[in-house]
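Please look over the sequence and the model shown here before reading the short report that follows.

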Amino acid sequence: MFRLAIFVTTNTIRMKITNSLKSIAVLTSGGDAPGMNACLRAVVRTANHFDISVVGINKGFQGMVENDFRSLTANDVSNIIQRGGTILKTARSAAFMTKEGRERAMNNLIKSNVDALVVIGGDGSFKGALSLSDEYNIPVIGIPGTIDNDLFGTEATIGYDTAINTVVDAVDKIRDTANAHNRLFFVEVMGRDAGFIALRSGIACGAEAVLIPESNTYVEALMGRLESGWDREKTSAIIIVAEGDDSGGAAELAKLVKKRFPQFDTRVSILGHIQRGGAPSAYDRVLASELGSWAVRTLRRGHSGVMVGRQGGKVVETSLKQAVKHNRTINPQLEELVNWLSE
Ligand code: F6P
């Protein structure tokens, strides 16, 4: 394997792979996702298995800028596989976005004597990792940890399954009250500019319609569907709206619909951050364990600049540059399914 030698030039610090992997740093960054702790546990315990020491960086890249590091042993990650959030904390760091901030962060990393960095997070976090590896040549591995599922190169990101289950649980409850009052509910779910959470949870909840940024379901088409539903004396309905949808979100859409159909008793429910919390599902715990462990093995093989993900039941590597390109597409069959099943 390799070890990093540090070359300080006039204004840059370069790191070069020379021999074996002795110590790695790990951080969680961006929006937290259920399963991040399970992933951290897998990174630390796998590293421990190979006699590699682990430095945990608190608060993501912000902690790297602030030199907020601590060593992590196998014991430190006991009893966390079932916990939501992240014991390392997380942040969206403005300081790290600047060249000066990254230089400070890199100086701190060098002082901590690590050979490589593991980043658990979403696309913003991977872009940060890429900048660091481009500018300073440090080996980096990304692990997809975000509820949004918007990364190319993995069939699911850590936290996505739990978030969907949370949405389904909430919408099942909303449906009870929607039915009781004959109401039309607009439920807004997270996902930033992606509609994966909305689409999959919409199917699982039997939603009457799902509006996502990637789709051609225009508001007019929705109006048509509502009209025909009303003609069939449908008494209640659930419309799932992805927060990034062009309609402007659940509240805006509800206003439009109310204007057109004043007879509908409409309500809006924005599920918000409950989608990010809670104990990870069994699926997320297994995925997190697998990917966390694989990240360490990938580094031991001398690979860098890749994200580990799961495709077709196997762990695969995708370049970080590809993973953040956002060219992951929505399955059109699932979109069709929503329409067919709610007719
Ligand atoms: O990326 C995860 C996510 O929860 C998105 O779905 C959402 O748009 C965003 O983070 C919310 O971020 P914050 O918690 O910073 O408001």
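## The two faces of strand β3

From strand β3, the residues S23, A25 and L27 point one way while I24, V26 and T28 point the other way, and all of them are buried, where buried means under 20% relative accessible area with a 1.4 Å probe and protein chains only. The strand, which covers residues 23–28, is accordingly mostly covered, with 6 of its 6 residues buried; strands here are DSSP runs of E with at least two residues, and helices are runs of H or I with at least four, both numbered from the N terminus.

This is a predicted model, in which local features need pLDDT of at least 70 and side-chain atom pairs count only at pLDDT 80 or more, whereas totals for chains, interfaces and linings use all residues. Residues are numbered from 1 along each chain as its sequence is written, and side-chain values use heavy atoms, leaving out hydrogens and water.

## Partners of β3

Strand β3 pairs in the parallel sense with β4 (residues 53–57) over 5 bridges, and pairing requires that DSSP finds at least two bridges between the strands. In β4, V55 stands opposite A25. Strand β3 also pairs in the parallel sense with β6 (residues 116–121), again over 5 bridges, and there V118 stands opposite V26.

## Helix α4

Helix α4, made up of the 14 residues 123–136, reaches 20 Å from its first C-alpha to its last, close to the 20 Å expected at 1.5 Å a residue, a span taken as 1.5 Å times one less than the number of residues. The helix is mostly covered, with 10 of its 14 residues buried, among them F126, L130 and Y136. Just after α4, N137 takes a positive phi of about 65°.

Definitions and conventions. Buried < 20%, exposed > 50% of the residue type's maximum accessible area, 1.4 Å probe, protein only.
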